[in-house]
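Visitor: I am new to reading protein models, so please pick one part and take me through it slowly. I would like to see which side chains meet there and what surrounds them.

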Amino acid sequence: MINSNEVSPIKMSNEQKQDIMKSILKEESMINITLKPLEQEVFLAEDPQVALLKLKCFQELINKERLAYAEHLAEVFELIGDDAYRNLGFILKQFVHDSYSIQLSIIRQLPLLVEQIKKRQSGYVELKDHVLPFMNIFLEHQDIDIKKEVLIQLLKIAPFLIESDKVDTILAHLIEMAHDEKNNQNRMLAAETFGKCATLFSMKYCESYICGELLSLGIDLNEFVREKAIEQLPQLSVSLSQKCIELKIIPFFLQSCEDRLLQIKLACIRSISGISKYAGHHLKTQKLIPKYLDFLSDQNKEVRKTAYEYLGEFISTIKFTEKDQQQMDILLAYYQNQLDKNINMMGVDLVYKCAYYFPGVLQAIGRTRWLLIQPLYGFLLKYPSDKVKISLAHSFHEVAKLLGPDLSKEYLITVLETLAQDKLQEVRNGIVLNLSKFISIFPIEERDYVIDLLLNFQKDQHKWRTRQIICTSIFPITRCFNNDTIFFHIAPILFKFCSDTVAKVRRKASKNVIHLIETFEEEGEQRTVILEQIRAFSHSKRFNQRQSYCWMCYKLFYRPDFEDLFFERLFELCKDPVQCVRLSAIIVIDKFIQKEGFSKERKYLKYLLIQFIDDQCQEVQLILTKYNFVIQKTKKKTLSCRSRNSGSSSNGHLEDIPEFDEKIEQIRKSSGKV
């Protein structure tokens with residue numbers, strides 16, 4: 001036996017002790033990392049009865065399991081079926097006194113649950129008797145975040161409710177919150193929601209209740225409540241009559257503009273454009289324009305900056321007449337002031353909004369005043385901000401449409417070429433997406449120069465996203481040219497994209513090949529060449545081109561001539577030696593069947609599926625399991641035909657389409673696969 005007194009402790013320095021502790025902690029953390037996924041993983045029950053029992057005994061589950069069921073409640077109900085809906089009220093009561101995170105999860109699941117409930121025969125009764133009372137409980141909740149989330153989800157459910165239930169469930173609670181003098185947050189939330197829910201109610205309720213309550217909140221003692229109320233005026237104005245806007249909204253708004261608090265003035269500036277959109281012309285010219293001019297000349301720099309920021313939006317809401325020329329010139333002068341460094345140096349947001357609303361301003365003032373704002377457009381194009389350039393690129397076609405072909409040809413062609421060669425991907429994409437709309441404003445004989453742009457886009461192999469967007473836009477682009485231009489220029493570009501090095505580009509291009517066939521519907525040499533080029537992809541030695549042919553077939557299935565023109569090659573590609581080609585073929589077939597089903601016109605789909613029976617690819621077999629019944633039925637029919645045609649060496653015919661079965665046999669013989 002060892003005497004403990006004889007054992008002397010090992011002396012270690014502090015650094016050694018720290019090193020040992022670090023290594024121990026590191027090992028423990030590695031063990032925790034390894035075990036954590038297994039410990040925390042929670043699986044939902046797949047058995048409907050077990051899942052129902054879990055929901056009924058929800059409070060007995062551990063927290064992680066309760067959270068998992070709460071986050072997937074709609075899916076669990078769909079799994080269980082009728083038994084879950086019969087116990088809907090009892091199940092929902094389980095969540096009332098649960099934790100904050102579980103309550104939020106349940107509330108967010110309610111719109112999905114209602115989507116399922118409304119399909120049921122007794123759906124509305126279940127919704128009214130169980131879901132709405134459950135939400136009403138949380139509308140009385142003390143936590144403002146819970147209450148806000150309930151209102152958000154309730155507005156999603158509201159379109160399914162009749163108006164009397166909307167009034168009882170939403171409007172009554174909002175009015176109660178608006179009158180809660182002790183809780184500022186309740187009044188703020190009520191003001192914010194009044195505007196969002198206005199479109200859900202008839203004009204009668206909007207003018208009699210919502211309008212009055214919102215205007216009352218607009219003169220609240222709390223400045224944050226007033227601010228929220230003013231910001232909701234544009235959304236409320238959508239549902240009001242011109243008379244109500246003139247007699248109630250405009251006077252209240254003008255009174256609010258006189259408030260000395262900065263945040264209230266800024267809220268008024270943010271709201272004035274939305275109100276102007278729905279106000280009568282005389283209210284705009286006599287009341288709103290003078291008030292906006294006051295904001296632009298305000299002594300406070302922040303007020304002036306915000307007024308300049310929203311000036312383009314405000315101008316775009318006005319249709320100027322000859323009587324309004326003076327007011328238009330004054331507003332336009334302020335708009336042009338954004339060329340001034342003292343103005344545009346106020347921030348990127350100001351310049352961005354100037355660019356964003358530029359087409360709206362041009363529409364308001366007309367093309368005759370283009371030269372007045374053309375220098376500003378040039379300044380925006382050179383402004384060193386990606387956000388500004390992207391906005392200009394996406395609205396470029398709108399400016400061209402407003403200017404017309406002559407002015408666009410003179411001022412915008414060079415701009416188009418500059419933006420098309422920009423280094424930023426989003427800028428080029430904006431041009432490509434709307435290129436067809438730009439081309440369409442010119443006479444057809446003046447459109448060919450755009451082909452050079454497309455050729456330049458597809459040259460750079462590094463900009464594959466741009467090529468993908470060209471493929472997306474190719475159909476509207478083809479409608480802008482005559483058949484010769486499409487045949488000699490557009491078709492080669494599209495076929496080149498079908499052989500692209502990037503799979504996403506090939507897939508998008510392949511699915512758009514059908515537009516070439518539709519363009520050349522009439523028999524002729526060009527149609528023959530297009531069809532031969534498509535079939536050439538199926539014979540290619542490169543697997544990615546054969547794969548492109550499979551993708552082409554997804555849209556070609558819809559054509560009545562698919563069986564005669566394209567079926568044979570797809571049938572053979574179902575046995576292609578390259579796995580990804582076969583997988584692409586069955587994915588295309590599966591997607592089409594899932595969307596359109598089996599029809600009498602497309603009985604060949606069954607033959608295509610049978611081609612994959614002996615395929616060794618697991619992904620292929622996984623897809624094929626969906627159609628086991630169809631395959632077995634087809635095989636039985638084939639066998640029954642063989643028994644009646646035992647003297648024949650053929651493969652047998654389906655009872656309903658013997659001619660087509662003969663064609664299949666010919667294909668197999670010609671390919672040496674009998």
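**A close look at the rings and their surroundings**

Guide: Let us clear one thing away before we reach the rings: a search of the whole structure turns up zero disulfides, a disulfide being a pair of cysteine sulfur atoms within 2.5 Å. Take Cys 268, which is in no disulfide, its nearest cysteine sulfur being that of Cys 257, 3.9 Å away. Cys 268 is buried, at a relative accessible area of 0% (buried means under 20%, exposed over 50% and partly exposed in between, using a 1.4 Å probe and protein chains only). For Cys 574, the closest cysteine sulfur belongs to Cys 550 and is 7.1 Å away, too far for a bond. Cys 574 is buried as well, with 1% relative accessibility.

A word on how to read all this: the model is predicted, so local features need pLDDT of at least 70 and side-chain atom pairs count only at pLDDT 80 or more, while totals for chains, interfaces and linings use all residues. Residues are numbered from 1 along each chain as its sequence is written, and side-chain values use heavy atoms, with hydrogens and water left out.

Now for the rings. A pair of aromatic rings is described by how far apart the centres are and by the angle of the planes. The structure holds 28 aromatic pairs (rings of Phe, Tyr and Trp, with its six-membered ring, pair if their centres lie within 6.5 Å; planes under 30 degrees apart count as stacked, over 60 as edge-to-face and the rest as tilted). One of them joins Phe 557 and Tyr 604: the centres are 6.3 Å apart and the planes meet at 20 degrees, so this pair is stacked. Phe 557 lies in the loop between helix H35 (543-556) and helix H36 (562-565), and Tyr 604 lies in helix H39 (residues 604-610), so the pair ties together parts 47 residues apart in sequence. Helices here are DSSP runs of H or I with at least four residues, strands are runs of E with at least two, and both are numbered from the N terminus. Each partner is buried: Phe 557 has a relative accessible area of 0%, and Tyr 604 has 3%.

Move along to the pair of Tyr 558 and Phe 592. Their ring centres are 4.9 Å apart and their planes stand at 75 degrees, so this pair is edge-to-face. Tyr 558 sits in the loop between H35 and H36, and Phe 592 in helix H38 (residues 579-596), so parts 34 residues apart in sequence are tied together. Here the partners differ in exposure: Tyr 558 is partly exposed at 32%, whereas Phe 592 is buried at 0%.

Step back and a cluster appears: ring pairs link Phe 557, Tyr 558, Phe 562, Phe 566, Phe 567, Phe 571, Phe 592 and Tyr 604.

Rings can meet charges too. The charged end of Lys 511 sits over the ring of Tyr 554, 5.4 Å from its centre (for this, NZ of Lys or CZ of Arg must be within 6 Å of the ring centre and within 35 degrees of the ring normal). Lys 166 lies over the face of Phe 201 in a similar way, 6.0 Å from the ring centre.

That brings us to some helix packing. Helix H11 (residues 184-197) and helix H12 (residues 203-217) pack at about 140 degrees, with axes 10 Å apart. Axes are lines fitted to C-alpha atoms, for helices over the stretch in contact, and angles run from 0 to 180 degrees between N-to-C directions. H11 and H12 are therefore oblique to each other (under 35 degrees is roughly parallel, over 145 roughly antiparallel, 65 to 115 roughly perpendicular and the rest oblique). Their crossing is left-handed, which is the word used if the near helix is turned anticlockwise from the far one by less than a right angle, with right-handed for clockwise.

In the loop between H11 and H12 lies Ala 198, buried at 0% relative accessibility. Its C-alpha atom is 9.8 Å from that of Leu 171, 27 residues apart along the chain.
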